[in-house]
Amino acid sequence: MDSAQKTILVALAVGAAALSANAAPIGYIDQVSYDNGVWRVKGWACEPNLNQSIQVDLVVAGTTIGRYATAEATEQEVRGVCGTTSANVTHRFSAPYTGALSGQAVAIAAVTSGLSPVQIDGSGQFGLPPSSSHPLAIIQAASRILVYTAHPDDEITLAPILGDVCATRSCKNVVATQGGGPGSICLSPPCATNSTATVRFGEMSTSASMFPMTLSQGTLSSDHTRSVSSILSAWNSEVIALGQTAGLNGIIQNEIDTFFPDVILTFDPRHGTSCHTEHRAVGSLVKTGVDAYSGWNFNKNNLFFLTSKRTDGSLDTPTGLTPLVPTDKTAVVYKASNYISSKARTGWQFALDIMGVHQSQFTSANKASFEAADSLDQTTSLQQVTNYVSNAAAYNICP
């Protein structure tokens, strides 16, 4: 389990000390996320060697908000750190917060008999969004949403949010390339009798109808062995050759002036979710184009980047979309497994449905891995352009 493994490594030294000392409680905050209309602080806490749950206090900006039990199922790795043996012991907590948002720091204090509450690891590092105008609130208030992606199937990363909001809003997905080129794959049976471009266009058309979104399928060249700068240079030359004399900036301007979006969503240029150079290139061209836009048809503050990181794994470490910098309160984390009434399924299940449409790209093992992702990795994390820092070290994870 990707998220838990990372937090457990942080806690091992603390846990070892506690086990050999005075059995003070230990634990870790994993995530602050928006979950079914409630902000939740999630993580684990335990009293070493105690095969039962304990209580924790949620502390927001130094004020104790409420006391909650560690009442959720616990994986083997956490039980190992806690020194507990019962498979039924519950060390995980999900503490709700429904108050005002102003970027407050959050903490969790573990409560055990005979000791004052002890703040666990991660306390003070995590925080709530700076205001109620967080990305999802702005998206839900929008009427027209424009999405820029690099390839057919990239929409999967935003499906848990778009599957809900696009049911009652006007959404458009501009896909830059057809997804062919060096390094690309096209699995049989769909690719046994048709070209990659034909197959992927058909899959993308089906996917777009399921959200629903209007589809604009581009034909820019695809070769992710190139650098981001080389891709952008080639794409700029290609659109100029097609008659757009203003280049890529002109493409962005035209989309804004014809679609009138309230919100634009795209990849984070710093990492593109999976370090795919064409994902990063699309994010960069959109940001540059929005920066250069001089019209009145778009509020530039309503550009949002997908800051989730895709964890590629096997069935032992399933594929998920974990927040890249979970402690960054400006990169807001949204639970992707909330129920979408218009789809009669959860957002994560809807994303799995979209993955199933792209049969040329995903095997049954890929889909099984995605389906089995840990709860903490079933998220969508977004950041508003006003909080974007291009040289932020924590986000620049790519070679």
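These are my notebook entries on the largest pocket and the largest cavity of this structure, which is a predicted model.

**Entry 1, the largest pocket.** I looked up the volume first and found that about 660 Å³ of space lies in the largest pocket. I then asked which residues lie nearest the centre of this pocket. Of the 32 residues that line the pocket, D153, H276, R310, Q361 and F362 are the ones nearest its centre.

**Entry 2, elements around the pocket.** Going through the lining by secondary structure, I noted that helix α8 (277–292), strand β14 (320–323) and helix α10 (364–371) each give two or more residues to the largest pocket. The largest share comes from α8, which supplies three residues.

**Entry 3, character of the pocket lining.** Sorting the lining of the largest pocket by class, I recorded 18 polar residues, along with eight nonpolar and six charged ones.

**Entry 4, the cavity.** I next looked for enclosed space, and the structure holds one cavity of 30 Å³ or more; the volume of the largest cavity comes to about 70 Å³. Its lining is made up of V32, W39, G127 and P129, together with P326, T327, D328, K329, A331, V332 and V333.

**Entry 5, the cavity lining.** Which element gives the largest share of the lining of the largest cavity? I found that strand β15 (residues 331–335) does, with three residues. By class, the residues lining the largest cavity divide into seven nonpolar, two polar and two charged.

**Entry 6, the two side by side.** For later reference I set the class counts together: the pocket lining has eight nonpolar, 18 polar and six charged residues, while the cavity lining has seven nonpolar, two polar and two charged.

Definitions and conventions:
Residues numbered from 1 in each chain as written. Predicted model: local features only at pLDDT ≥ 70, side-chain atom pairs only at ≥ 80, totals over all residues. Heavy atoms only, no water. 1 Å grid on protein atoms, 1.4 Å probe; cavity = no way out; pocket = protein on both sides within 12 Å on 5 of 7 lines; lining within 4 Å. Points joined across faces, edges and corners; volume = space filled by probe spheres on them. Helix = DSSP H or I, 4+ residues; strand = E, 2+ residues; numbered from the N terminus. Nonpolar A, V, L, I, M, F, W, Y, C, P; charged D, E, K, R; others polar.
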